[in-house]
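Let's walk through this model together, one region at a time. Have the viewer open and follow along.

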Amino acid sequence: YSQAEKFGAEVLIDQAVRLDCDRRPYRVLLESGGAVSARTIVIASGARYRKPPLENLERFEGSGIYYGATFVEAQLCGGEEVVVVGGGNSAGQAAVYLAQTAARVYILVRAGGLKESMSRYLSRRIEEMRAKITLLTHTEIVALLGGDRLESVRWKNNETGVTDEKPIGHVFMMTGAEPNTDWLRGCVVRDANGYVKTGSDLSVDDLAAAHWPLARQPHLLETTLSGVFAVGDVRENSVKRVASAVGEGSISISFVHQVIAQ
């Protein structure tokens, strides 16, 4: 944040615990007991990845443990065996994508199959790619082993009790994330998973329920509170990439200036 300070921004290190949205200017209540008042707010509180309680998990993050499957990660594990943890659509998409470059993809799910948690299209694709993708049901990782980076993975079948260990150095944790939006409860419209809805993602009913006060429609990244914007992972339908979040932050500031000028 040193660059922000150079432009005159005041940086306060604290934790937001609640948004007081019943007044203008709005007030962000802080863990320390203080509060910050503002006519406009940009929410960039992100999301927390769901992480299994595994020893060494954080140690290997970025050096064998990943939370997204992009071109970069696909190149890192080209020609090697990899593990994808999770039974949702994000896990299925990651497995199909990684199978293009990996020697083999193991999908580990604690349930008995994929039908209840994954789209039929993706589950069929995985079935069709049995030569490259192995589905292990009732199975979860019990140990991550290695030195400077992940070198092997141990998993256990919870029905049979049988454990297996393989020299695998790439694990993709595709078990979802939870947005940091509890502090916004009752102030902005969120989707069923807690992500903040903005701009064109807001329906007529959303705006009516929130008593949207203006004649204009919300700006691109604006929430159901006029002058309050959401950017990055905390926002519904965001790309979940750092570069995208930075870009959204820059765009939101142009709208902030428009709101202040009104």
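A good place to begin is P25, which sits in the loop between β1 (16-20) and β2 (26-30); helices (H or I, at least four residues) and strands (E, at least two) are DSSP runs, numbered from the N terminus. The peptide bond joining R24 and P25 is cis, with omega at about 0°. Before going further, please keep in mind that this is a predicted model, in which local features need pLDDT of at least 70 and side-chain atom pairs count only at pLDDT 80 or more, while totals for chains, interfaces and linings use all residues. Residues are numbered from 1 along each chain as its sequence is written, and side-chain values use heavy atoms, with hydrogens and water left out.

Two other loops deserve a look at their backbone angles. Most residues other than glycine have a negative phi, and most peptide bonds are trans. N56, in the loop between β5 and β6, has a positive phi near 80°. H138 also has a positive phi, near 55°, and its place is in the loop between β9 and β10 (139-146). How accessible are they? Here buried means under 20% relative accessible area, exposed over 50%, and partly exposed in between (1.4 Å probe, protein chains only). N56 is partly exposed, with a relative accessible area of 24%, and H138 counts as partly exposed at 22%.

Now turn to the sheet. In what order do its five strands lie? Reading across this open sheet gives β6-β13-β7-β8-β9, with parallel pairing; two strands pair if DSSP finds at least two bridges between them. The edges are β6 (65-66) and β9 (133-136), each of which pairs on one side only. Strands of a sheet pair through backbone hydrogen bonds, either parallel or antiparallel. For a closer view, take β7 (residues 81-85) and β8 (residues 104-108), which pair in the parallel sense over five bridges. Within β8, I107 is the bridge partner of V84. Helix α3 (residues 89-98) packs on the sheet and touches β7, β8, β9 and β13 (171-173), where contact means heavy atoms within 4.5 Å. The direction of α3 makes about 170° with that of β7; the axes are lines fitted to C-alpha atoms, for helices over the stretch in contact, and angles run from 0 to 180 degrees between N-to-C directions.

Finally, let's visit the charged side chains. A salt bridge is a side-chain nitrogen of Lys or Arg within 4 Å of a carboxyl oxygen of Asp or Glu, and by this rule the count comes to 13. One of them joins R48 and E178, at 3.6 Å from N to O. This pair links distant parts of the chain: R48 belongs to strand β5 (residues 47-49) and E178 to strand β14 (residues 177-179), 130 residues apart. R48 is partly exposed, with a relative accessible area of 41%, and E178 is partly exposed at 35%.

Another salt bridge is formed by R130 and E127, whose closest N and O atoms are 3.3 Å apart. R130 is exposed, with a relative accessible area of 58%, whereas E127 counts as partly exposed at 43%. In the salt bridge between D182 and R185, the closest N and O atoms are 3.2 Å apart. Are these two residues buried or exposed? D182 is exposed, and so is R185. Elsewhere, D20, R23 and R27 are joined into one network by salt bridges that share partners.
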